[in-house]
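Q: Got a minute to go through this one with me? I'd like to start with the side-chain contacts.

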Amino acid sequence: VGDVFTNSSGCVAVVIERKNYLEILVQFQDEFQHSVIVRGDVLKSGRFKNPYYKSVCGVGYVGVGKYRVSEGGRITKAYIHWSHALERCYNKEYQEKYPSYLGCTVCEEWQDFQVFAEWFYSQKHYQNRFHLDKDLLFKNNKVYSPKTCTLLPERINGFLIGLKSKGDYPLGVNRRSKSNKFQASICLDSGRKCLGTFNTPEEAFYVYKEAKENHIKELSNQYKDQIDPRAYNALMSWEVNIND
């Protein structure tokens, strides 16, 4: 009792009780002070694990509870969504590739996988190909949390992702060099659809805006019974702004 050991991840633990060689109670010396029973050989080799070790991006930890990282040899959906959210917020290489995630964070309670998984499995149709969305309920939101996030069908999420202005013209608008006019177009499941040509980029944008918002409503009604009512209401009132 009192001996100090360090596991393979660098977590320090102190022996607080020894019943025999097969049952040694140790307590990790971190903010969680979690205790585990280990065998003597496991303790000496450093192969004992701390469920509160921040193994994902130096922030997230698996925690203690009923939710598993993998089942039947396959990574669970909850873990995939959780680890990807942490990667977007705390992986510098990812943010260099996708700078729109700079400044994003995961709320403190969701840094515990058990808490996130409890929320995830309570969502409608979590088993489908839905994406974890943080921007719909609160536009330009930077925090992943139960208040701000919802699960969206891949089709809807993909359609919303394009709401960013590119180049010198508003979203959905490009200049036709031969005619010196401005074309409005929208990307649908079937591909890019031309909405017409106009004299000014503003005229083209407002045609695009109407088409985009109408299609969002169509998709929302298709998935109405599968998504969070908050998400449905947000989609039905979604507006595309010229500065997006």
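A: Sure. One cut-off before we start: partly exposed means a relative accessible area between 20% and 50%, with buried under 20% and exposed over 50%. Also, keep in mind that this is a predicted model.

Q: OK, so is Glu154 buried, partly exposed or exposed?

A: Glu154 has a relative accessible area of 34%, so it counts as partly exposed.

Q: And which side chain does Glu154 meet in a salt bridge?

A: That's Arg129, at 3.3 Å from N to O. The two come from distant parts of the chain, 25 residues apart: Glu154 is in helix 5, while Arg129 is in the loop between helix 4 and strand 8. Arg129 is exposed, with a relative accessible area of 62%.

Q: How many salt bridges are there by that rule?

A: The count is 8. One of them joins Asp135 to Lys134, with the closest N and O atoms 2.8 Å apart. Lys134 is buried at 6% relative accessibility, and Asp135 is partly exposed at 30%.

Q: What about Arg47, which residue does it bridge to?

A: Asp41, with 3.9 Å between the closest N and O atoms. Arg39 comes in too: Arg39, Asp41 and Arg47 are linked in a network of salt bridges. Arg47 counts as exposed at 52%, and Asp41 as partly exposed at 29%.

Q: Switching to rings. How many aromatic pairs turn up in the whole structure?

A: The search finds 20. Take Tyr79 and Phe113: their ring centres are 5.5 Å apart and the planes sit at 70 degrees, so that pair is edge-to-face.

Q: Where do Tyr79 and Phe113 lie?

A: Tyr79 is in helix 2 and Phe113 in helix 4, so the pair ties together parts 34 residues apart in sequence. Both Tyr79 and Phe113 are buried.

Q: Which residues form the aromatic cluster?

A: Tyr67, Trp110, Phe116, Trp119, Phe120, Tyr121 and Tyr126. On another ring, Lys212 lies over the face of Phe159, 3.9 Å from the ring centre.

Q: Any backbone oddities to mention?

A: His125 has a positive phi of about 55 degrees though it isn't a glycine. You'll find His125 in the loop between helix 4 and strand 8. Gln33 also has a positive phi, near 55 degrees, and sits in the loop between strand 3 and strand 4.

Q: Last thing: what's the volume of the second largest pocket?

A: About 290 Å³. It has 13 lining residues, and the closest to its centre are Lys49, Asn50, Pro51, Ser55 and Val62. The lining divides into 6 nonpolar, 6 polar and 1 charged.

Terms used. Residues are numbered from 1 along each chain as its sequence is written. This is a predicted model: local features need pLDDT of at least 70, side-chain atom pairs count only at pLDDT 80 or more; totals for chains, interfaces and linings use all residues. Side-chain values use heavy atoms; hydrogens and water are left out. Rings of Phe, Tyr and Trp (its six-membered ring) pair if their centres lie within 6.5 Å; planes under 30 degrees apart count as stacked, over 60 as edge-to-face and the rest as tilted. Helices (H or I, at least four residues) and strands (E, at least two) are DSSP runs, numbered from the N terminus. Buried means under 20% relative accessible area, exposed over 50%, partly exposed in between (1.4 Å probe, protein chains only). A charge sits over a ring if NZ of Lys or CZ of Arg is within 6 Å of the ring centre and within 35 degrees of the ring normal. On a 1 Å grid over the protein atoms alone, a cavity is a set of points where a 1.4 Å probe fits but cannot get out, and a pocket is an open set with protein on both sides within 12 Å along at least five of seven lines; lining residues have an atom within 4 Å of a point. Grid points are joined across faces, edges and corners, and a volume is the space filled by probe spheres set on the points. Ala, Val, Leu, Ile, Met, Phe, Trp, Tyr, Cys and Pro count as nonpolar, Asp, Glu, Lys and Arg as charged, and the others, Gly among them, as polar. A salt bridge is a side-chain nitrogen of Lys or Arg within 4 Å of a carboxyl oxygen of Asp or Glu.
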